[in-house]
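These are my notes from a session of looking up how strands and helices are arranged in this entry. I begin with strand pairing and then turn to helices.

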Amino acid sequence: MTPSAPSITTPLIDIREVRKEYDDGPPALVDLSLTVAAGEALAVLGPSGSGKSTLLNLIAGLDRPTGGTVTVDGVRVDRLGETASARYRRERIGMVFQFFNLLDDLTVTDNVLLPAQLVGAGRLQARARAAELLEHLGIARHAQAYPGRLSGGERQRVAVARALMNRPALLLADEPTGALDTASGAEVRELINELNDEGQTILLVTHDLALAGACATRTVELVDGRIARDTPGTRRTRGGSAVAR
Amino acid sequence: MSALGRVVRAGVARRRVQTLVMVLTTMLSVTASIAAGGLIVASTDPFDHAFARQHGAHLAARFDGREASPGQIAATAHAASVTAAAGPFAVASASPRFEAPAGLPAGTGPALDIAGRADAGGPADRLELVTGHWLTGPGQIVLAAGDGDEAGPDALIGTRLSFPGLPGTPRLTVVGEARSVGRTADAWVVPAQIAALTPAGGTPSYEMLYRFAHAGSSAQISRDRAAVAAAVPAGSMSGAQSYLTVRAEVNRQTATFVPFILAFGVLGLVLSVLIIGIVVSGAVTAGTRRIGVLKALGLTPAQVGRAYVAQAVVPAAAGALLGVALGNLVSVPLLHQADTAYGAVSPVVAWWIDLLVPAGMLVLVVASALAPALRAAGLRTVQALAVGRTPRAGRGRTAARVAGRLPVPRAVGLGLAGPFARPARSATTWAAVALGAAGVTFAFGLATSLNRVQDGLNQNTPGQVQVTTLRRPDGGAPPNPPATAGSSATGSAAPGSGTATAGTATGNGHPGQADPAAVGRAIAAQPGTRAYFGTSFDQAHFAGVAGAVQLVAYQGDSSWGTYQMVGGHWFTGPGQAVVGHGFLTAAGARVGDTVTLVGDGRSTRVRIVGEALITGDDGKRVLTDARTLTAAGLRASPDTFSVELADGTDRATYLKTLDAALEPLGAQAGATVGGLSSTVVAIDAMAGSLTLLLIVVTGLGVLTTVVLDTRERVHDLGVLKALGMAPRQTAVMVVTSAGWIGAVAGLVGVPAGMALHARVLPVMAGAAGTRIPRADLAVYHAPQIACLALAGLLVATAGALLPATWAARTRTATALRTE
């Protein structure tokens, strides 16, 4: 893994001619190329089976393409072995899931601390960072609570805090509001906007047009593994504090 | 197929890993239980079982061929109460010289009672062929299988025996080994061969074997014997051996084994039950969400319960069948070892064990599956759906919180907290590993103690050289000097004065014995002799002790060649004695007490100054200075001299020169050979095999539970991997979760094993008629304890490696998708 600092001219995500085939059925992605600049909030839209999750998995290093290249933050993700891709995930990306994926037997703080502990970060620094994130995301009062006691919106905030713990270059969100009620969904949308305003590059996978409209600075629509539409979003970044980075 | 049937079939077929785990677990548990149960049964009255199987003879009678004709002897088969009889078989007694095959030492053996027998079957005393084949003609001999053929059952096949004391020096080839439960002969040849094995002008004796209608007691056997004796000319029955005598001897030997076989057997059975319980209940609990789905589809709680019990029983039944096959396979070498030890064990597992064990295991499976299945079936549907496969919320949180603050890598911390999420399963796994660690600790202690006891017994044959003064009964060269501890006792080597001390042999000894005084002088005059003393073996009587006691009288300074002491000290002069535990028990005495040696018209008081490690003669042996016997009007003439060589003396050269000097006197010198008791060998071998079985079952038990745990937590694994947990960290986490259970289990299992050792060894020694010196029991020291404590950690870690590797390799995306 040879990281290089992204610049204005270097896209944070550079996907070229990516193809993904499974054992049976049609290919999930067909010669897909896509670049995402640092600071963008890209929403990937599409119906079920269009290849959204496959694309997310390839960018996260959870899966490998059948062909083509995936480069994120200067790292050729498609070439990484299991250990290197684990290091890549904990150092360069943060992930937020539809169903939060918090560990129920760990407190909110311990959940948030996990990524830092996995990279072997200093204890005091990690705790300070976790406290800062919890405070910033408005869930500091739940620091010692267990996830099972929180509302869906609060759980997703915890998941976002965990994803940001190691100051990732890229935040991947897979249907982040899919399991939330309307009010909680609105809270999370607002949070995503705040993060992007602070300079956090975000890639959202969703079929929620409202979420994409509210949060994305650019929208890509996938149909049958191909990009059917690539359009600028309606939202514009505002800039702000640098908690996310 | 009914809906329920389809649910069961799908549950078994689709959940392949879980099904495999169930099959594997049941198979191992049944295997271990059959092996353990088979050994326990084999250790229960093995003589009686073998006696029934072989139609053993209640009485083996010998008749003088000069007093009674074969026809008269055969007619005794019609005596009152005789239900079956075999014989008469002509019997010859002759001493063979072994002409061993390449690789084995040649030598002269003791006199053999050789019976002329056409076939191994018959109405009484059916011989069981252990190895080789039965006689097909003259020139062949089948030997009685020994109680402990540590050289292997086939070692003697092909060996040539010659009989130099007989006309024409007949030669026979060993073609087989057979076992007579009543030990009716030492060897068998075809009847036509007996004439060649009978000295010129001699008449063979005859053996007749009887089964009686009533033979449960000595009194009944005596009546039966009298009836047989009455059927032949008076005085023609020269002797008879009751099966009760052989039975008592075999049972005494068996009793030495039973305590440790029981200890291992119970460990194995409990281990099996624990592991079955963990895995089955875990597998059913893991299906809780599916139960919710089935209930949502309309299945009643009773149907769900039945379906899940059936889902557990189907793979368990397959595992049980495989386990029966494997158990019988594993039992073959174990039962062979038991057979070597007892001399009367069936080579196969009792049929009812093959039925009872799998049936019992299936009942256990049903019981283990029923509780969680009914609990899950009783849940409200929505609740069952929500519970899913993850552990119940709230469990292990404190542990997770504490582990998160430990100064260890996070993967290790998560692993340490893992077992607390399933406390019952972890506790059971812990108990299983603790039992395994206890088994290893016990086996180590058992082997070490027995080896020390063996070393102690070898001290009973002291010095580097043994000289025997006894001539052979057939007038040939003197037999080899005693070399095996326990069977014959002489003293042991310890620092002497550096100068040879003269023996004080008295009298001219027994007929057929070299002059002990002359032998002593020859030894003393031999360059290289550092010290020596003589010993004689005789029967003696002590007031208040029933029956004769083996008395060993020492001439000369024996302080350098003492037995290993259990208590007190070696005798320092006449009037003192060192005794075995059996004597103390028989006399109701303790060290320090005085007993009376009854002599020839006189008696003398002897003070017991020490208790020695003695396994022979049921421990009823007395060791004393020869001058003690003189005080009682008795005389002792050395049968054997034990010789300690001066430093730097070459034993081979010394032996050659001494033997040449002794030859004219009729004595013979030989090297002292350290003995190795067949009992110790058999116990070591069985303990080793059983320990290996326990370790394998424990390790695979850990493996199956870790597989179950890992499968249940696969989604959490996916989350951790998505957060950046590397494969190595994942493996470390999984191994830690099992390893530290093993480490803690080891800390408890080791003291438990030590306690078992402290309890079982004295019982085994008691069965052998002795006590074990404290030094031989103190085998656990800090380094050994530390190593043994690691055994639990190692077994658990080894068991967790495979699922840890699986966890490390699991693809993150797949794990995240898993519900």
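I looked first at strand β9 (residues 218-223) of chain A, which in this predicted model pairs with β10(A) in the antiparallel sense over 6 bridges. Within this pairing I found Val220(A) standing opposite Asp230(A) of β10(A).

I then followed the sheet outward and noted that it is open, has 6 strands with mixed pairing, and runs in the order β6-β7-β8-β3-β9-β10 (chain A). Its edges are β6 (93-96) and β10 (226-232) of chain A, each of which has a single partner strand, so that one side of each is left without a neighbour in the sheet. For the twist I noted an average of 15° from one strand to the next.

Next I asked which helices lie on this sheet. Helix α1 (residues 52-60) of chain A lies across β3 (41-45), β6, β7 (170-174), β8 (201-205) and β9 of chain A, and runs at about 150° to β7(A). Helix α5 (residues 152-164) of chain A also packs on the sheet, where it touches β6 and β7 of chain A, and its direction makes about 165° with that of β6(A).

I turned last to chain B, where helix α5 (residues 218-230) has 13 residues that should span 18 Å at 1.5 Å a residue, and I found its end C-alpha atoms 18 Å apart, which agrees. The buried residues of α5(B) are Ile221(B), Asp224(B) and Val228(B); because they fall within an arc of 65° when seen down the axis of α5(B), they line one face of the helix. On the face of α5(B) turned away from that buried side I noted the exposed residues Arg223(B) and Ala230(B).

Notes. Residues are numbered from 1 along each chain as its sequence is written. Chains are lettered from A and ligands numbered from 1 in the order in which they are written. This is a predicted model: local features need pLDDT of at least 70, side-chain atom pairs count only at pLDDT 80 or more; totals for chains, interfaces and linings use all residues. Side-chain values use heavy atoms; hydrogens and water are left out. Helices (H or I, at least four residues) and strands (E, at least two) are DSSP runs, numbered from the N terminus. The expected span of a helix is 1.5 Å times one less than its number of residues. Buried means under 20% relative accessible area, exposed over 50%, partly exposed in between (1.4 Å probe, protein chains only). The arc is that of the directions from the helix axis to the C-beta atoms. Two strands pair if DSSP finds at least two bridges between them. Axes are lines fitted to C-alpha atoms, for helices over the stretch in contact, and angles run from 0 to 180 degrees between N-to-C directions. Contact means heavy atoms within 4.5 Å.
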